[in-house]
Structures are given as C-alpha cells and as structure tokens.
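The following exercises are meant to be worked through with the sequence and the 3D model side by side. Please try each task before reading its solution.

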Amino acid sequence: MPLLTDPAAIAGLVAREVRTGSRDGTPTKIAVARRAYATDGADLWDALTNAERLPRWFLPVSGELKLGGHYQIEGNANGVVEQCEEPRRFAVTWEMGPQVSWLEVTLSPVDEGTLLELVHEAPVDPDLWSQFGPGAVGVGWDLALMGLGLYLSSGAAMDRAAALTIHTTAEGKEFIRAAAVGWADAAVGDGEDPATAHAAAEQTVVFYTTEPEDGPQS
C-alpha cells in the first residue's frame, strides 16, 4: 500500500474532533473523523459494506452485513449491526474481548463527492487515555481511511504485505506522526491540557511504529 508523495498532506485530508460524552451513565470519549472522497454515495457505501470489496482496502469481514446481523473482522473486532440506512448511515457495536464501543458511519454529498463521517465512542479508560489520548483509536482509523482513499483513486487492491509494514517506512512514520498530532490538537479542542495531549501523541507514535520484537522483553 504505497503512500502518495506527501504523507502529511494525506493525513491533513482528515478533519478530527474529540468530544466528551456519556452512555448509560458511563463517561465516554468520542473520536470523530471526516474525509471527503471523489466518488458518489452509492459507490462509497458499497466499498464500505460489500464483503468482496472490503478486503481490497481494509480487512476481510464475515457474517451478515445487514440490520441485526453479526459481523467479524478478520483478526480484529466483531459486533452487531444496530442501524442500517442504505446508502446514508450505519452503526455497529465494536467489540474486542470484554471491551465494547460503538461505531457510526454517515455519508453525505459534498461538492468534492461524498463526505464520510466516522464516529467512534468508547468508555473512558483513564490509564489508557492519559497514556495515548484519542490517537490510540484515531490513528488506526486514519490508516484505514487512507487505504480507502488509495483504493478508490486507483481501483487497485492494496498490497497486504506492504500494508502490514507501512509503519516501518519513513513515509508511514510521517503519516502516523501527522495523524497523532492531529488527534492531540483535537483533544486540546475538547479541553485537554496541550502538554498532556501532545505527550500522549508521542506515545501513540511509538506504539504504532515500534515492532513488537523491539519492545521490552519479559
């Protein structure tokens, strides 16, 4: 999955927002990412929900991608489709082990094509938040939205091996850093202390760019 010539500019295509919320009395943090794609709503919806197209830019997804259906992302999250309004909006639970969060995607027409808004709401883990801030989840979505953009612009499926190692390349590291800083700025906009937010962004960069074998050994 090669990056374009300016990784920071690609990261800048995403508008980021952080909100503080609550769900059933539990404090939550909400990461919002918006990016416009030069395609119509029907094509973008299909790229997001068609099990044959999803692996071309994201990961294989099995299950029933319809209202009430259960889905499983290969090696990643699973959950239930809670809302589905084709071709405008869907919402799913995002479950990884005992952790449950909520994902909503909305598509809207804009002059450039179609605006994708992704909203990921999760219960606040104070330790995780203080260490990584919103970048822990946000940078992962940035990488996915980048992959979607490359796929839609070229029509070519991503190179899985290249995608798995992009975080080790100079371009990939530049992209991750730009995205992490963007999420730190969004956290500051939600009231986070700037020094704390940007220290967390640095930890996020380390998390995403360090190979497991390079970390501390037990």
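**Exercise 1. How do the residues of the lining of the largest cavity divide into nonpolar, polar and charged?**

Before starting, note that this is a predicted model, in which local features need pLDDT of at least 70 and side-chain atom pairs count only at pLDDT 80 or more, while totals for chains, interfaces and linings use all residues. Residues are numbered from 1 along each chain as its sequence is written, and side-chain values use heavy atoms, with hydrogens and water left out.

Step 1. Fix the terms: on a 1 Å grid over the protein atoms alone, a cavity is a set of points where a 1.4 Å probe fits but cannot get out, whereas a pocket is an open set with protein on both sides within 12 Å along at least five of seven lines, and lining residues have an atom within 4 Å of a point. Grid points are joined across faces, edges and corners, and a volume is the space filled by probe spheres set on the points.

Step 2. By this rule there is one cavity of 30 Å³ or more, and the largest cavity has a volume of about 40 Å³.

Step 3. Its lining consists of W129, G133, P134, A184, A187, E192, T196, A197 and A200. Two elements, α7 (170–189) and α8, give two or more residues to this lining, and α8 gives the most, with three; here helices (H or I, at least four residues) and strands (E, at least two) are DSSP runs numbered from the N terminus.

Step 4. Sort the lining by class, with Ala, Val, Leu, Ile, Met, Phe, Trp, Tyr, Cys and Pro as nonpolar, Asp, Glu, Lys and Arg as charged, and the others, Gly among them, as polar. The result is six nonpolar, two polar and one charged.

**Exercise 2. Describe the largest pocket and the second largest pocket, each by volume, lining and class.**

Step 1. The largest pocket has a volume of about 1500 Å³. It is lined by 42 residues, of which N76, A136, V137, G140 and Y208 are the closest to its centre.

Step 2. Among the elements that each supply at least two residues of this lining are β2 (26–37), α4 (126–132), α6 (160–165) and α8 (194–209), and the largest share, six residues, comes from α5. By class, the lining of the largest pocket has 28 nonpolar, nine polar and five charged residues.

Step 3. For the second largest pocket, the volume is about 390 Å³. Its lining has 25 residues, with L48, L54, F90, V92 and L103 the closest to the centre.

Step 4. Here α5 gives the most to the lining of the second largest pocket, with four residues, and the classes are 22 nonpolar, one polar and two charged.

**Exercise 3. Which residues have the most contacts inside the largest nonpolar core, and what does L48 touch?**

Step 1. A nonpolar core is a set of buried Ala, Val, Leu, Ile, Met, Phe, Trp, Tyr and Cys residues joined through side-chain atoms within 4.5 Å, where buried means under 20% relative accessible area, exposed over 50%, and partly exposed in between (1.4 Å probe, protein chains only).

Step 2. The largest such core has 49 residues, and those with the most contacts inside it are L48, W57, F58, W94, L116 and L148.

Step 3. Taking contact as heavy atoms within 4.5 Å, and not counting residues up to four places away in sequence, L48 touches L54, W57, F90, V105, L107, L116 and L148.

**Exercise 4. Characterise the aromatic pair formed by W45 and F90.**

Step 1. Rings of Phe, Tyr and Trp (its six-membered ring) pair if their centres lie within 6.5 Å, and planes under 30 degrees apart count as stacked, over 60 as edge-to-face and the rest as tilted.

Step 2. The structure holds six aromatic pairs. The one between W45 and F90 is edge-to-face, at 5.7 Å centre to centre and 75° between the planes. Because W45 lies in helix α2 and F90 in strand β6, this pair ties together parts that are 45 residues apart in sequence.

Step 3. Both partners are buried, W45 with a relative accessible area of 6% and F90 with 14%.

**Exercise 5. Is D24 buried or exposed?**

Step 1. D24 is found in the loop between β1 (15–23) and β2, and its phi is near 55°, a positive value in a residue other than glycine.

Step 2. With a relative accessible area of 80%, D24 is exposed.
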